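Here are my notes on the model, set out as numbered points. Please read them with the structure open beside you.

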Amino acid sequence: SVSRFVKHIDDNAINALTEHYRNILRPKDEVLDLCSSWISHLPQEIELDRVFAIGLNAEELAANKRANGNFLVRDLNLEPELPFPDNSFDKVFMVVSVDYLTQPLQVFEEIYRVLKHDGLACISFSNRCFPTKAIQRWLQSDMSGRIDIVANYFHFSAPWSQIIAYDLIPASSTSPFFNPLNFFLNNILKQPSDPMVVVQALKS
């Protein structure tokens, strides 16, 4: 693939995702970042034992400072198998890429396999995508429908528990996931943000 070195979500969405990571990561965690590129959105102050990035572009992956050279170029649509032993990672992240998976159940089954007991998979997405690459069902769904799609990937791939969705950029104070900072940015300062949703599940 062609090197782009661009951000696929805006800064407000990135900050919201990084804050979510800050809440779920622990020092010394081992993290697998799937469909990664030159940035992983991980909080800088948390020391992690290992960050391994898998993505499509070697130049972008090599520039990922958190991965620090630990990367593999792989198209998960062609090779959904992950080249790691069982129980290798504490967290597995995938940012704004789940809509491109053509073998999602196989990928989610592999995520489950490489996670340690009580490990967490965190799948995030926005309303941005490349329409020529996203699956048709994704393009035909609204954000609520896309949450259902990802939750079903978890449900039908492995015995996941605690499948939970988080709306990190709520549109209004009536959202069940209301975040005062994001509400202030979006509604008081009038700095609209890309939506950012996380669907995550636990291997227990």
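1. In this predicted model, strand β1 (residues 30-36) pairs with β4 in the parallel sense, and four bridges hold that pairing. Within it, Val 31 stands opposite Lys 91 of β4. Strand β4 itself spans residues 89-95 and is mostly covered, since seven of its seven residues are buried.

2. Strand β4 also pairs with strand β5 (residues 115-125), to which six bridges join it, and these two strands run parallel. Here Val 92 stands opposite Ala 121 in β5. Between β4 and β5 the chain passes through helix α3 (residues 104-114), and the resulting β-α-β crossover is right-handed.

3. How many disulfides does a search of the whole structure find? The search returns zero. As for individual cysteines, Cys 35 has a relative accessibility of 26% and, because buried requires a value under 20% and exposed a value over 50%, Cys 35 counts as partly exposed. Cys 122, by contrast, has a relative accessible area of 0% and is therefore buried.

4. Helix α1 (residues 11-24) has 14 residues, which at 1.5 Å a residue should span 20 Å, and the C-alpha atoms at its ends are 20 Å apart, so the expected and modelled values agree. Its buried residues include Ala 13, Ile 14, Leu 17, Tyr 21 and Ile 24, and also the polar side chains of Asn 12, Thr 18 and His 20.

5. The loop between α4 (136-139) and α5 (143-157) contains Ser 141. A polar atom of the Ser 141 side chain lies 2.8 Å from the backbone oxygen of Arg 137, and, once neighbours within four places in sequence are left aside, Ser 141 is in contact with Arg 146 and Ile 149. Both of those partners are among the buried residues of α5.

6. Which residue caps the N-terminal end of α5? That residue is Asp 142, one of whose side-chain oxygens lies 3.2 Å from the backbone nitrogen of Ser 144.

7. The length of α5 can be checked in a similar way: at 1.5 Å a residue its 15 residues should span 21 Å, and its end C-alpha atoms are 21 Å apart, which agrees. Its buried residues are Gly 145, Arg 146, Ile 149, Val 150, Tyr 153, Phe 154 and Ser 157, and the buried residues of α5 pack against α3, β5, α4, β6 (161-167) and β7 (197-202). Two of these packing partners, α3 and β5, also belong to the right-handed crossover described in point 2.

Key
Residues are numbered from 1 along each chain as its sequence is written. This is a predicted model: local features need pLDDT of at least 70, side-chain atom pairs count only at pLDDT 80 or more; totals for chains, interfaces and linings use all residues. Side-chain values use heavy atoms; hydrogens and water are left out. Buried means under 20% relative accessible area, exposed over 50%, partly exposed in between (1.4 Å probe, protein chains only). Two strands pair if DSSP finds at least two bridges between them. A crossover is right-handed if, with the strands pointing away from the viewer, the path from the first strand over the helix to the second runs clockwise. The expected span of a helix is 1.5 Å times one less than its number of residues. A disulfide is a pair of cysteine sulfur atoms within 2.5 Å. A polar contact is a pair of N or O atoms within 3.5 Å; within protein, one must be able to donate a hydrogen and the other to accept it, and residues adjacent in sequence count only if both atoms are side-chain atoms. Contact means heavy atoms within 4.5 Å.
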